[in-house]
Amino acid sequence: MKRISKRVLAMVLGAVLLLGIAGIANTQVGQAKKKSKLIGTWKCEYKLDDTVLVAIYKFKKNGTGSYSLAGQAQKLTYRDNGKVVSIRFENADTDMKLKYKIKGNKFIYKDITGQKVVFIRQ
């Protein structure tokens, strides 16, 4: 009887230990998702003929944000894996995927024409 009790106790303790490790691992993964390097405000100035257009991305911790160009703002949602950000603008049917790099205070990607675009952290 004591032998069975020890086995049951060992199995219960093992299960508790495994669940505890799984809980810690799950928390760390969840925290990693929240730490997007894009969180914050980014500004880019485009020179077009004699006019300078200002574009601003705002990325919030909760996966929402906005993009404004020349003062016209659009709401967005985003997912970031550290290399590619998927952005869905309000009222859009599909995501825009941008392969990007962060270098210091610069958010750099290529637009659909292949032009390098640089936003500066504000």
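I started by counting elements: the protein has one helix and eight strands. This is a predicted model, so I'm reading computed values throughout. Going from the N terminus, I noted the order as α-β-β-β-β-β-β-β-β, with the helix ahead of the strands.

Next I looked up the pairing of β1 and β2. β1 covers residues 40-48 and β2 covers residues 51-59. I found them antiparallel, joined by nine bridges. To fix the register I picked one pair: lysine 47 sits opposite valine 52 in β2.

Then the turn. β1 and β2 make a hairpin, and two residues lie between them. I checked phi there, and aspartate 49 comes out positive, at about 55°.

I moved on to the other partner of β2. That is β3, residues 64-69, again antiparallel, with five bridges to β2. My register marker here is isoleucine 56, which faces serine 68 in β3. β2 and β3 form a hairpin too, this one with four residues in between. Glycine 63 in that turn also has a positive phi, about 85°.

A reminder to myself for looking at side chains here: in a regular strand they alternate between the two faces of the sheet.

Last, the whole-protein numbers. I have 122 residues, and 20% of them are buried; buried here is under 20% relative accessible area. The exposed surface is about 9600 Å², and carbon and sulfur atoms account for 58% of that. I also looked at contact range: of the contacts between residues at least 6 apart in sequence, 25% link residues at least 24 apart.

Methods
Residues numbered from 1 in each chain as written. Predicted model: local features only at pLDDT ≥ 70, side-chain atom pairs only at ≥ 80, totals over all residues. Heavy atoms only, no water. Pairing = 2+ DSSP bridges. Buried < 20%, exposed > 50% of the residue type's maximum accessible area, 1.4 Å probe, protein only. Contact = heavy atoms within 4.5 Å. Areas by Shrake-Rupley, 256 points an atom, 1.4 Å probe, with all protein chains shown as cover.
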